[in-house]
Amino acid sequence: MSTILVTGGCGFIGSCFIRQLFQKGGDPNVNVINIDKLTYAGHEENLPEAIRCDPRYRWHRTCITNRRAIAEILSESQPDAIVHFAAESHVDRSISSADPFVSSNVVGTVTLLDESLAMIRARAMQSDFRFIHISTDEVYGSLGKDGCFTESSPQRPSSPYAASKAAAEMFVRAYQTTHSLPTIITHCSNNYGPYQHSEKLIPLMILRAAGGQPMPVYNDGSNIRNWLHVTDHCDAIARVLQRGRAGQTYHIGGHAERTNIDVVQSIADAVDERLGRPTGSSRRLIEFVDDRPGHDYRYALDSSKTEAELNWRPAVSFESGLMETIDWYLAADDWITATASNVHHG
């Protein structure tokens with residue numbers, strides 16, 4: 001049996017990763033340890049009861065900054081790998097207050113690095129261990145209309161959120177260099193799909209359109225994002241875990257660049273069609289609001305290294321993935337009710 005420890009496994013991406021580990025055809029010889037303190041963006045409901053009751057799954061409700069708890073969990077479970085998703089991730093929240101982002105994203109990551117190092121030194125199996133740090137394209141800052149970020153692009157974070165993720169990465173690399181801790185960093189483009197917290201752009205717009213509420217879009221909606229379905233992201237992470245090289249960084253991009261206004265209008269039209277409304281009804285709900293401070297114009301990742309080394313490409317087209325996501329949210333009343341508290345919309 002091997003053991004994978006997942007941080008933030010009740011969050012949007014972490015829960016998808018765990019669901020894929022347990023899906024039909026998954027490896028029956030893998031145990032999963034989930035560390036999640038259940039913030040506003042983490043929910044037990046993101047994992048089906050079948051997984052929560054599976055003897056191969058264990059959940060510890062604790063914070064990654066709790067050094068004593070992390071040390072005890074690692075000592076007990078002796079994971080072969082840590083896949084580190086846990087993070088404060090909403091840019092607007094970081095603009096309001098950076099402190100939680102420094103605590104979770106920086107201090108929490110350093111705590112995990114320290115205790116991972118102590119564990120593998122104690123068992124003298126350093127070369128077999130992997131620490132996978134899940135990061136974001138936002139650490140690079142903003143792109144103009146052309147070009148893509150590569151793994152060697154300089155990092156120029158614009159928001160406190162992006163700065164905290166970049167700082168965490170620096171510690172991950174430093175522990176690799178100084179202590180030979182086998183680490184891998186991944187950068188992903190904007191994720192979307194079922195179970196995403198409703199303050200994020202796509203679920204927010206779906207729910208606002210469905211409820212006949214204003215659909216706020218920053219500035220003129222011309223900012224460009226590269227969209228990646230969460231299942232494609234998690235498939236890439238699984239390949240990084242299996243075949244990625246220690247000390248390397250891998251880009252995971254969705255090959256789906258869209259302006260924000262194009263995405264919002266597509267959602268509005270699809271919701272009208274599904275709810276039997278006259279065409280254009282939801283587009284009238286779109287309202288342009290003042291831009292947020294430090295709003296990056298465009299992100300795009302060059303994923304050619306990941307595609308070549310790990311034989312990975314995104315399988316879900318943005319058009320089909322978006323329609324599937326809209327259908328899921330329109331049918332997810334129970335999940336929305338259970339997870340609706342403490343939503344921040346900027």
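This briefing covers the main sheet, the helices against it and the nonpolar cores. The model is a predicted one. At its centre of interest here is an open sheet of seven strands with parallel pairing. The largest nonpolar core has 34 residues, and a second, separate core has 26.

**The sheet**
- The strand order is β3-β2-β1-β4-β5-β6-β10.
- The edge strands are β3 (57-60) and β10 (249-252). Each of these two pairs on one side only.
- From one strand to the next, the twist averages 20°.
- Strands of a sheet pair through backbone hydrogen bonds, either parallel or antiparallel.

**Strand β4 and its partners**
- Strand β4 spans residues 81-84, and four bridges join β4 to β5 (residues 130-136). The two strands run parallel.
- β4 also pairs with β1 in the parallel sense, over four bridges.
- A81 has a bridge partner in β1, namely I4. In β5, the residue opposite A81 is R130.
- A81 and V83 point one way from β4. I82 and H84 point the other way. All four of these residues are buried.

**Helices on the sheet**
- Helix α5 (residues 99-123) packs on the sheet and touches β1 (2-7), β4 and β5. The direction of α5 makes about 170° with that of β5.
- Helix α6 (residues 160-179) lies across β5, β6 (183-188) and β10. Helix α6 runs at about 155° to β5.

**The largest nonpolar core**
- In soluble globular proteins, nonpolar side chains tend to be buried together.
- Residues with the most contacts inside the largest core are I4, F17, I18, V32, V83 and F85.
- Strands β1, β2 (30-35), β4, β5, β6 and β10 each supply at least two residues of this core. Helices α1 (12-22) and α8 (230-243) each do so as well.
- Helix α1 gives the largest share of this core, seven residues.
- V83 belongs to this core and is one of the buried residues of β4. I4 is also in the core, and I4 is the bridge partner of A81.
- Leaving aside neighbours within four places in sequence, F85 is in contact with V6, T7, G8, I13, G14, F17, I134 and I237.

**The second core**
- Among the 26 residues of the second, separate core are A256, I261, V264 and Y329.

Technical notes:
Residues numbered from 1 in each chain as written. Predicted model: local features only at pLDDT ≥ 70, side-chain atom pairs only at ≥ 80, totals over all residues. Heavy atoms only, no water. Pairing = 2+ DSSP bridges. Axes fitted to C-alpha atoms, helices over the stretch in contact; angles between N-to-C directions. Contact = heavy atoms within 4.5 Å. Buried < 20%, exposed > 50% of the residue type's maximum accessible area, 1.4 Å probe, protein only. Core = buried A, V, L, I, M, F, W, Y, C linked by side-chain atoms within 4.5 Å.
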